[in-house]
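Student: I should like to work through some local features of this protein model. May we begin with a helix and then turn to the strands?

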Amino acid sequence: MSRALALLALLLAAPALAMALALAQPSQAAAPADGKPLALPPALFGTRNPGEGAAVQGGLLGRVAMRKVKYSRVLSQRELALPRRDAPPAGALEVLTLAGPDSGLRLGESNEARLDYLTGDPDRPGRLAFWAELATPGGARFYAGDPLETVDRLTPQWADGAGRDAVDVAGARWLSKGLRYQISRLLDRDPDEDWRTSQDGLSAFVQRRFRKDVTDVGALDVVLLRGQDVQVNLVVSLKPDGSGKTVLDWYAIPKRLFDLGDGRTVLRLYLGRHLRELAPGTAKVTLKELALMFYKQNIEEVAQARNVEKILFVPSGLDPAWTAAHGLPRLLPSRARELFQGRGELAANLEALSGTGAAADAALKGFGVIQSAQDPSQPFSLTLEAARLAKVAPRRDVPAILAATEERCRSFGAACDPDSARGYMSQHPLWSLDFQALSGGPGQEADAALRPALSENLFKAAGRLGFSAAADGLGVECAGDTVTLETGAAFTPSPGTAYSLWLELGRRRSGLAGVEAEAWGAGRSVRVAVKPGFPAVFPELPPKVEGVRLIFTGAGSSGGREFGFTLRRAALHAQDAAAPRQGLFEARYLFDEALEPAVSAQPDGSVRLGLSGPVFAPQWLVLDVAAPPWTVNDPAPRLELAFGAKKASVPLGAPDSRLALYLPALLGAQPFDAWPEVSVSLSGGAPRGAQGGALGGVWKCGRATLSGQRLATWPQVLGGEPLLDLAGAPRGLDGLDASGAADMAASAVWLPMGKAGLSPASGPLRFLRNPWLEVEALMLADASGPELSTLARAPESGGGSSFGRSGKLLYALALLPAAGLVCLAGRKRLLAAVLAGVRRWLDGPAQGRAPLRPWLLLAGLCLAAALAGGPKVAQGVGMLGSTLAVPLWRACRPALARRWPRLASTSGIHYCSGFLASAALAALIRLTGLAPVSELLGLCGLWLFIAALLGPSTSSPSRSGGAS
């Protein structure tokens, strides 16, 4: 009979980690731990002491579940035709209609609108917003976004331009706030142009009254000097006649800080956006008062510095005719983001148009875009490129692999259906390159210099090129007009196949004006604009494509200034629309891979890189090299790389270098069945031993990283990911197939993780961080260890075991009075006599002296017994010792009678006062967190309350010396 199953441990699943859903993160050979290590219990080895016992062997099984992430799917999209315009906008407000009542556009079919736009001059931005008009049973209803959302840069010319609607602060007259100002505010008299100052605690205030119409004001720009911090408190009227007051919440008003570049900043308060959200339909909004609050500053310092220069009232950018006819439009939540310099995307949430209430019965009368210049005195160049509507599913918890698969399918333009058993398509890359492994590693400086090698045919530029290890990829700096990334892909296009290019950039895109993909061949060239995060589909291709390149263009003039960007991933895809669809665990996708091989020095001065793990197509070999300094008289040092049978020689530019070797230039398309031997050596440079110092003339390779990509199915990826470290060896789901992965996607299941041999010296289990899976429990099946009965909880040690006979004796003593009462109940006369004696004893002397010392001694003995015993003994002693509260309080009656005669007039009042005192003291002690002491005092109060019920209601004249 096989041994019973021995349960190792149950581990609560750790919370889902934040992860990028676009593509998989590079898998490292040594994954970091996820959560605290799990120590193996000594009982597993048949002992109670750590480090002792016999080894245990068996089959290890893990209860594994899919890790969940928040994700929302794009269900459908619809392109909107942009109206044709004969001339660019001149700066005046312009309302464009994208869909009318006869467009067939239905509310509820889309919940998001997006607009791609191009700004010619970032210093003179245009304002853009979506608008919608609905026909409801109650009349027309207008919705609009905030046109100021697309303004992400302000200049000194904007702050100091002529014709601004501005209020001077620093140059105005400041007076002390007095009674006259408060009476004028109370009576709502006409305001003056003076600012009033006051001090309220730690804060200084500078305020002024207004009577200004701000219905068409979109923002307040507070121009600040020398980085001054200030809070702006606003009081407005929402009534047409300007009466009444509404205080606006400073924390609810959207705000943004702009740096003008001349030592000044602008605090922009989006007042119009807040008012349209707070009070839509309001016909008129009047500003009544504005107060500047300076926290932790004295008014004398504020008045002397005067760091608030002025306040600008910025027009909203909406059509004044709308507000005149229908009041403030309802807010259409929008957000703008810059893709490149001057090129952005505006997105609006349309759920308000298809919501409940009156909007549910509404019909669309019009939907479009409104645009205008922020500064009407200056022309602006704003080009609308594309508009579309989308239906986006609500964010919900889905398996991380499902979200990542949908993002992969979107990268090459394939539609996927997660509700279908065969709703996916495999990925077919013609060329792909991952730059993430070139980012700075642990301990590396931010934006540290990095030199790509063997990449002469990969990057090309007319000007100077510089590279760095950015935080999220490869940083590229160019002093010319363009940078070209050559893919080297050459192919013959097939009918019915869509060819697209996917590009993912990092956060840094300074001065980058745009990206284009170019395919050329047979004397023809085809270009298409590339938008990061979206597939750029070639509308047509030459009959034979000889090459495909990515062209990055700077925003400067010809021979322009420097620009930079960060590369993360790029891929060229070929997608056959007629290809058969596959299941989630059958389709093949592109996965990024990375490993850090062990670096071992060899006797001949070279280093060998120990490669292990799944084989993938290598792309980059990153080496951190430290060599002895050399002189001009020494031969130029070179790094000699041997990757299997392939060899390359790379010049070393500096003694301390970080090199990124582009391996496709050396290896080509050569596939590997197993990892070959890889060695690196240094030739030239300073002679060995000629230089002193720490290196002693010997070069070193401190760190090596090999990265690349592979096409694989999800079971191959999930089976190769380590989940835990057991006795120094990583364990995963080796041999996982599509059936096992499908079962795991449905619910957490027990899956085999190989044979396990555990000993007391194995150390704790380490659960490794995995982006796709999480371990809920572990089990050792058919274990050779002890029986289940030996794993039972051991008897408690320490204080718990000292309870023993003494504790039982205490509980027996506590039950004796109860047993005596039961016996007395059967004899009524004896019971009456006993109760009378108890009452006479409780009605103790109210005068003279009562014996107190014996009871105090007995209480001290109880306390000593509780401290000497364990927790159980203390509990029993406390229950018995609490009864001493009655004789102790009885002995205190003469002293209370001399000081407070009424409290000792009768025994009932005396014991009731003791009960109230104990209850009050227990409540106070409970507030300090001493719960056991509080419970003991409460029990004492309970005994005093029982004594008050049993004692006589009046005092005996013989004991008290007369009636009270």
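Student: Which residues of helix H9 are buried?

Tutor: The model is a predicted one. Helix H9 comprises residues 738-746, and a residue counts as buried under 20% relative accessible area. By that criterion, the buried residues of H9 are Gly 740, Ala 741 and Met 744.

Student: Why do these residues lie on the same side of H9?

Tutor: An α-helix has 3.6 residues a turn, so residues three or four places apart point the same way. The buried residues of H9 lie on the same side because the arc they cover around the axis is only 100 degrees.

Student: Which elements do the buried residues of H9 pack against?

Tutor: One of the elements is a helix, H8 (714-720). The buried residues of H9 also pack against strands. These strands are E2 (56-66), E50 (749-758) and E52 (773-781).

Student: What is the strand order in the open sheet of 3 strands?

Tutor: The pairing in this sheet is antiparallel. Strands E49 (729-732) and E51 (766-767) are the edge strands, each pairing on one side only. Strand E48 (residues 722-726) is joined to E51 by 2 bridges. The order is therefore E49-E48-E51.

Student: Which residue of E38 is the bridge partner of Ala 498?

Tutor: Strand E33 spans residues 497-505, and 8 of its 9 residues are buried. E33 pairs with strand E38 (residues 563-576) in the antiparallel sense, over 9 bridges. In E38, the partner of Ala 498 is Gln 575.

Note on methods: Residues are numbered from 1 along each chain as its sequence is written. This is a predicted model: local features need pLDDT of at least 70, side-chain atom pairs count only at pLDDT 80 or more; totals for chains, interfaces and linings use all residues. Side-chain values use heavy atoms; hydrogens and water are left out. Helices (H or I, at least four residues) and strands (E, at least two) are DSSP runs, numbered from the N terminus. Buried means under 20% relative accessible area, exposed over 50%, partly exposed in between (1.4 Å probe, protein chains only). The arc is that of the directions from the helix axis to the C-beta atoms. Contact means heavy atoms within 4.5 Å.
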